[in-house]
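Reader: I am new to this structure and would like a close look at a single part of it.

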Amino acid sequence: MNSIMIVGLIVFAYLIGSISNSILICKIAKLPDLRKQGSYNPGSTNMLRLHGKILSLFVAILDIFKGIFPVLLGKLLCDDISLFYLGLITVSTCIGHIYPIFFHFKGGKGVAPVLGGMMVINPILSILMIVTWIVIVLIFGYSSLGSIIAILIGLIYSFFQQEIIIPVIILAFLIIFRHYENIRRLLNGKEDNILQYLIKKNQDK
């Protein structure tokens, strides 16, 4: 396995991660910067809250693909690449998404690209995390809580697949750290309930 190739893939993953789809879509559509309104987070949930379902879904799909692409490229270029290095590529994409070099290091929460990377590394784990997120949101209504529990489920799962445990620990730390403010609002009962918001919006139509 070529170590230079691995380093190149990790750098490439960071640069791909640094492409903030939500910010670009807002610029193309001439919409206000998500970092300046709503939850101030340039992610699909804030896009949903401010600009509707279609743009939110578009952002989510692009962010997931952003996680898929570098890992898939790694598998195509390096036949013998280990799951550990594929995990590190996902970590790099996540860091780029959270701290994008192209957008003053102010990015999203990192969940979507992690799901994308895991779709290639371990599809079962990715499905488990997505289902966990959906169930938590449907029960409690909090997207942030769904994301936190989903990555914790991923962390528990990784203990049964030792090759990815270190990358998943890093990913869990990044995502939970990035959700620090959400955790504080959840504990104080001040977190936005996205499910209640959607129900209310449909009733208002």
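Reader: Which residues are buried in α8?

Author: This is a predicted model, in which local features need pLDDT of at least 70 and side-chain atom pairs count only at pLDDT 80 or more, while totals for chains, interfaces and linings use all residues. Residues are numbered from 1 along each chain as its sequence is written, and side-chain values use heavy atoms, with hydrogens and water left out.

The buried residues of α8 are Ser143, Ser144, Gly146, Ser147, Ile148, Ala150, Ile151, Gly154, Leu155 and Ser158. Buried means under 20% relative accessible area, with a 1.4 Å probe and protein chains only. Helices are DSSP runs of H or I, at least four residues, numbered from the N terminus. Helix α8 covers residues 143-158; at 1.5 Å a residue its 16 residues should span 22 Å, and the end C-alpha atoms are 23 Å apart, which agrees. The expected span is 1.5 Å times one less than the number of residues.

One of the buried residues, Ile151, also belongs to the largest nonpolar core, of 29 residues, where Ile151 is among those that touch the most other members, together with Ile89, Val114, Met118, Met129 and Leu171. Such a core is a set of buried Ala, Val, Leu, Ile, Met, Phe, Trp, Tyr and Cys residues joined through side-chain atoms within 4.5 Å. Leaving aside neighbours within four places in sequence, Met129 is in contact (heavy atoms within 4.5 Å) with Ala150, Ile151 and Gly154, as well as with Val114 and Leu115.

Definitions and conventions: Helices (H or I, at least four residues) and strands (E, at least two) are DSSP runs, numbered from the N terminus. Buried means under 20% relative accessible area, exposed over 50%, partly exposed in between (1.4 Å probe, protein chains only).
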